[in-house]
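Biologist: I should like to go through this structure step by step, as one would with a first-year student. Please explain each term when it first appears.

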Amino acid sequence: QVQLVESGGGLVQAGGSLRLSCAASGTIFGINVMGWYRQAPGKQRELVAAITKNSITNYADSVKGRFTVSSDNAKNTVYLQMNSLKPEDTAVYYCNAFIRDRDYNWNAYWGQGTQVTVSS
């Protein structure tokens, strides 16, 4: 059983910062990629940022230069530092991870989501 537990969401004014954390726990034999997605009301879920176990990162164009994804492989934890937040960043942010089980299968897991609200 694998769980992803997120923390760090909240309400912030435009221009402010927030840091999200997501820790994976349970029976984990390996993690390939961890990342963050978001879903605003009435919109599809979209990739925000992701990082591989080798620290290769990928960002949505809308957050490049403002958000930074990082990870602590020893703690199976991924972070998202969000600076210069804009009202359009308001969404539920979901942690995602590709985790290997004992049978060498890779499975995608999701966190429960954390609300980020940016006021203008």
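**Disulfide, sheet and core**

Modeller: With -80° about the S-S bond, the link of Cys22 and Cys95 is left-handed. This is a predicted model, in which local features need pLDDT of at least 70 and side-chain atom pairs pLDDT 80 or more, while totals for chains, interfaces and linings use all residues. Residues are numbered from 1 along each chain as its sequence is written, and side-chain values use heavy atoms, leaving out hydrogens and water.

Biologist: What is the S to S distance in the disulfide that joins Cys22 to Cys95?

Modeller: A disulfide is a pair of cysteine sulfur atoms within 2.5 Å. The structure holds one disulfide, and it joins Cys22 to Cys95 with an S to S distance of 2.0 Å.

Biologist: How many residues apart are Cys22 and Cys95?

Modeller: Strands are DSSP runs (E, at least two residues), numbered from the N terminus. Cys22 lies in strand β3 and Cys95 in strand β9 (residues 91–100). The pair therefore links distant parts of the chain, and the separation is 73 residues.

Biologist: Are Cys22 and Cys95 buried or exposed?

Modeller: Buried means under 20% relative accessible area and exposed over 50%, with partly exposed in between (1.4 Å probe, protein chains only). By that scale, both Cys22 and Cys95 are buried.

Biologist: Which strands stand at the edges of the open sheet?

Modeller: Two strands pair if DSSP finds at least two bridges between them. Four strands form an open sheet in the order β1-β3-β8-β7, with antiparallel pairing. Each edge strand has a single partner, so one side of it is left without a neighbour in the sheet; the edges are β1 (2–7) and β7 (67–72).

Biologist: Over how many bridges do β1 and β3 pair?

Modeller: Strand β3 covers residues 18–26, and its Gly26 stands opposite Val2. The pairing of β1 and β3 is antiparallel, and its bridges number six.

Biologist: Which strand gives the most to the largest nonpolar core?

Modeller: A nonpolar core is a set of buried Ala, Val, Leu, Ile, Met, Phe, Trp, Tyr and Cys residues joined through side-chain atoms within 4.5 Å. The largest has 30 residues, and those with the most contacts inside it are Trp36, Leu80, Met82 and Tyr93. Several strands supply at least two residues each, including β4 (30–39) and β5 (46–52). With five residues, the strand that gives the most is β9.

Biologist: Why does Thr114 count as buried?

Modeller: Thr114 is placed in strand β11 (residues 114–119). Thr114 counts as buried because its relative accessibility is 12%.
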